[in-house]
Amino acid sequence: MNIEEILEEIDELVEKSPTVPFITHKKMIDSDRLRELISDARMNLPKELKEAQRVEYEAQKILDDATKEAESIIQRAEDRASKIVAKEAIVEEARKKAIDMIKKAQQSSQNIQKTAIISITKMLDETEASYNKNLQSIRAVKAKFPTPKG
């Protein structure tokens, strides 16, 4: 079961539990079943956290790959520019082409990085939304339990 299913089952447990006689806002809950569900939730949280870490790792890998690709494009452009410039007859033309190639490579690099950042942001936003939803569900279920009097 995932966290959402566990929370739904806790909610159902609360809803289906009988009320305390003469006190309609209190319920008699099967404490063993509730403890079992809480234990399940605790065991599933690390899975969800690992998934978030995996998403973060993949996002960093995408960004690293984009940076390496951009550096490779720039290096190839610089290498090609150096070879073109070495020929004296077309030195000026080669310089212009080299500058253009470097600009295109840098633009390509920026585009790759922007795309990677957009993808990473989207994945992180989705992960954040999921965790916020789970947190709200946990708080809603928690609010249904009476505060113990110490």
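Is F22 buried or exposed? In this predicted model, F22 is exposed, with a relative accessible area of 87%, a value that lies over the 50% required for that class. The residue sits in the loop between β1 (19-20) and β2 (23-27), and F22 adopts a positive phi of about 70° although it is not a glycine.

The two strands on either side of this loop belong to a protein that also has three helices, and the order of elements from the N terminus on is α-β-β-α-α. The radius of gyration of the protein is 29 Å, whereas the globule rule gives 15 Å for 150 residues, so the protein is more spread out than a compact globule. The C-alpha trace spans about 100 × 25 × 20 Å along its principal axes. Of the 150 residues, 21% count as buried, and the accessible surface of the protein comes to about 11,300 Å², with 56% of that area belonging to carbon and sulfur atoms. Among the contacts with a separation of 6 or more, 70% are accounted for by residues 24 or more positions apart. With regard to charge, the protein carries 27 positive and 28 negative side chains, and the centres of these two sets are 3 Å apart.

The largest nonpolar core consists of nine residues, namely I3, I6, L7, I10, L13, L34, L37, A41 and V141. Two or more residues of this core come from each of the elements α1 (3-16) and α2 (31-86), and α1 gives the most, with five residues. The surroundings of one core member, L37, can be described further: when neighbours within four places in sequence are left aside, L37 is in contact with M1, I6, E9, I10 and L13. Of these partners, I6, I10 and L13 are themselves listed in the core.

A further buried position is found in helix α3 (residues 91-143), where S137 has its place. S137 has a relative accessible area of 17%, and it is therefore classed as buried, since that class comprises values under 20%. When residues up to four places away in sequence are not counted, S137 touches E4 and L7, and L7 is also one of the residues of the largest nonpolar core. The two positions thus fall into opposite accessibility classes, S137 being buried with a relative accessible area of 17% and F22 being exposed with one of 87%.

Key: Residues numbered from 1 in each chain as written. Predicted model: local features only at pLDDT ≥ 70, side-chain atom pairs only at ≥ 80, totals over all residues. Heavy atoms only, no water. Helix = DSSP H or I, 4+ residues; strand = E, 2+ residues; numbered from the N terminus. Rg over C-alpha atoms; globule rule 2.2 N^0.38 Å. Buried < 20%, exposed > 50% of the residue type's maximum accessible area, 1.4 Å probe, protein only. Contact = heavy atoms within 4.5 Å. Areas by Shrake-Rupley, 256 points an atom, 1.4 Å probe, with all protein chains shown as cover. Lys, Arg positive; Asp, Glu negative; His and termini not counted. Charge placed at Lys NZ, Arg CZ, Asp CG, Glu CD. Core = buried A, V, L, I, M, F, W, Y, C linked by side-chain atoms within 4.5 Å.
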